[in-house]
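This report goes through selected strands, helices and charged pairs of one protein chain. The sequence and the structure come first, and the description follows.

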Amino acid sequence: MMSSLKQAIIVGGGVTGLCAAYYLARDLGRENVALLEADDVVGGTTRSEVSEGYACDRGPNGFLDREPATLDWIAALGLSDALVRANQSAKRRFIFTKGRLNEVVGPPRFFFSPMLSVKGRLRLAGEPFVAGKRDHTGETIWEFAARRIGTEAADTLVGPMVSGVFGGDARLLSLEHCFPRMAAMEREYGGLTRALIAKRWRKKAVSPLGPSGTLTSFKEGIGRLPCEAAKALGDIVCTGERVLRIFRTPEGDFAAETSRGRVHHARALVVAAPAYAAAEFCRELDEAASKALASIRYADIAVVCTGYDDAAAHGSTNGFGFLAPRQEGLRILGCLWTSSMFPQQAPPGRILLRTMFGGYTDPDAVQLGDDELLALIRRELHPIMGIDSEPEYVRIFRWQRGIPQYLLGHGDILREIEAAQERHPGLAFAGNAYRGVGLNDCVLSALRARERVLGYLRDG
């Protein structure tokens, strides 16, 4: 069955696809836009579950409120007043080293922290005297960190941060594509300390402990955002329509054949599906782009949400949570103290924790059964947190191919995808597989795709 010709089709109903569809529907008219989603629900990994007074995020747990484009979209959806921002306690972040939780603090307190050995602290203090990189060859995050702050700090501080953000391996991920601002800081200022000093002269709030902005979500979890976006789009959203192939018609339009036996036609196409899915259905359209998309690797993640009575935890839960360096021998990647950040997401008198397993360094963890994951919670998390009782609430979510990995060579992949866009005017690839895995990155990717589509339709 063939559909009428649309101005734009969006394939993929995650945050990126929903945002692109929202603005294109506003630009072109609702009747001229369709969004095709393979699953029965929208949101992709950005979904939440609310039950028994707990709000559990299946994937990301919010966004940093530093990106105006995200806040503008939320305002357009009428959700600004529903936003909740994390407590000030979320600024306290910990790393599990040497058998205990150590708070990550800035200078001068950092130089008295037991997190690193004396030698490691002295090496880190020498960062301002390390010469900047002179060539433009690719470098992993770990190589960059080891060169600038030493191998001990790279393993203990940077490795866990990378596993927390990307579920990735710092020894494999590209610095330029995962943390482009950090690479730019060295190029512009010659080093991280010099860059921090220069930036603090201009903006007093700059912190050495992490990115700027406040973690922001909703009482019901960040999954409320895609749900409300889908409601605003209405019948534009077609769920349960997995795209099987994309091709061009003799007239030059795009056609998307779906699992329901339908063929949707449009002048422009936004591919906002995961890279591995896009690789399959784009093969006929552009084989080179399909191969590039298929080469993007993903990390598998298991998320275990556990709820407890306040009295069950004898250790502090006042903070963002903790990360665990791989050399500590734990299978836990880290644990977020959700009820400390967002008390609205747990019942009164209860604690909600969110523990991550798996990632690129432990791909087998996502295959563990529920009982095995809970056994790890008892064996590894409970002693760290001083928990002496079983959780009263458990939810487990598994994401196979959950987080894209920007390995060395990612720039070559991006160039091939951009070349495909040039070969097919009106085509735009968007999503977290390309230039950032966070929710803000997804919104910006959606807006770039929107501009590309509008430019093509306007000029065509």
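Strand β4 (residues 54–57) is covered on both faces: Y54 and C56 are buried on one side, and A55 and D57 are buried on the other. The model is a predicted one. Strand β3 (residues 48–51) runs antiparallel to β4 and is joined to it by 4 bridges. One of these contacts pairs S51 with Y54 of β4 as its bridge partner. The β3–β4 hairpin has 2 residues between its strands, and E52 takes a positive phi near 55° there.

**The seven-stranded sheet**

An open sheet of 7 strands follows the order β8-β7-β15-β16-β17-β14-β18, and its pairing is mixed. The edges are held by β8 (100–103) and β18, each with a single partner strand, so one side of each has no neighbour in the sheet. From one strand to the next, the twist averages 25°. Within the sheet, β14 (residues 297–309) pairs with β17 in the antiparallel sense over 9 bridges. C305 has R354 in β17 as its bridge partner. Helix α13 packs on this sheet and touches β7 (93–97), β8, β14, β15 (321–323), β16 (332–336), β17 and β18. The direction of α13 makes about 65° with that of β14.

**Helix α9**

Which residues of helix α9 (residues 224–233) are buried? They are L225, P226, A229, A230 and L233. These residues cover an arc of only 130° around the axis, which puts them on the same side of α9. The elements that cover the buried residues of α9 include α1 (15–28), α2 (68–76), β9 (215–218), β10 (237–238) and α15 (439–459). After α9 comes G234, with a positive phi near 65°.

**Salt bridges**

Side chains of opposite charge can pair when their charged atoms come close. With a cut-off of 4 Å between a side-chain nitrogen of Lys or Arg and a carboxyl oxygen of Asp or Glu, the count comes to 32 salt bridges. Three of the pairs are set out below, with the distance between the closest N and O atoms.

| Acidic residue | Basic residue | Closest N and O atoms |
|---|---|---|
| E139 | R147 | 2.9 Å |
| E176 | R187 | 3.0 Å |
| E392 | R350 | 2.6 Å |

In the pair of E139 and R147, E139 counts as buried at 11% relative accessibility, whereas R147 counts as partly exposed at 23%. Both residues also belong to a network of salt bridges that links E127, E139, R147, R148 and E186.

E176 forms its salt bridge with R187. E176 lies in helix α6 (residues 175–178) and R187 in helix α7 (residues 180–189), so this pair ties together parts that are 11 residues apart in sequence. E176 is partly exposed, with a relative accessible area of 36%, while R187 is exposed at 53%.

The salt bridge of E392 is with R350. E392 lies in the loop between α13 (370–385) and β18 (393–405), and R350 lies in strand β17 (residues 350–358), so the pair ties together parts that are 42 residues apart in sequence. E392 is partly exposed at a relative accessible area of 43%, and R350 is partly exposed at 28%.

Note on methods:
Residues are numbered from 1 along each chain as its sequence is written. This is a predicted model: local features need pLDDT of at least 70, side-chain atom pairs count only at pLDDT 80 or more; totals for chains, interfaces and linings use all residues. Side-chain values use heavy atoms; hydrogens and water are left out. Buried means under 20% relative accessible area, exposed over 50%, partly exposed in between (1.4 Å probe, protein chains only). The arc is that of the directions from the helix axis to the C-beta atoms. Contact means heavy atoms within 4.5 Å. Two strands pair if DSSP finds at least two bridges between them. Axes are lines fitted to C-alpha atoms, for helices over the stretch in contact, and angles run from 0 to 180 degrees between N-to-C directions.
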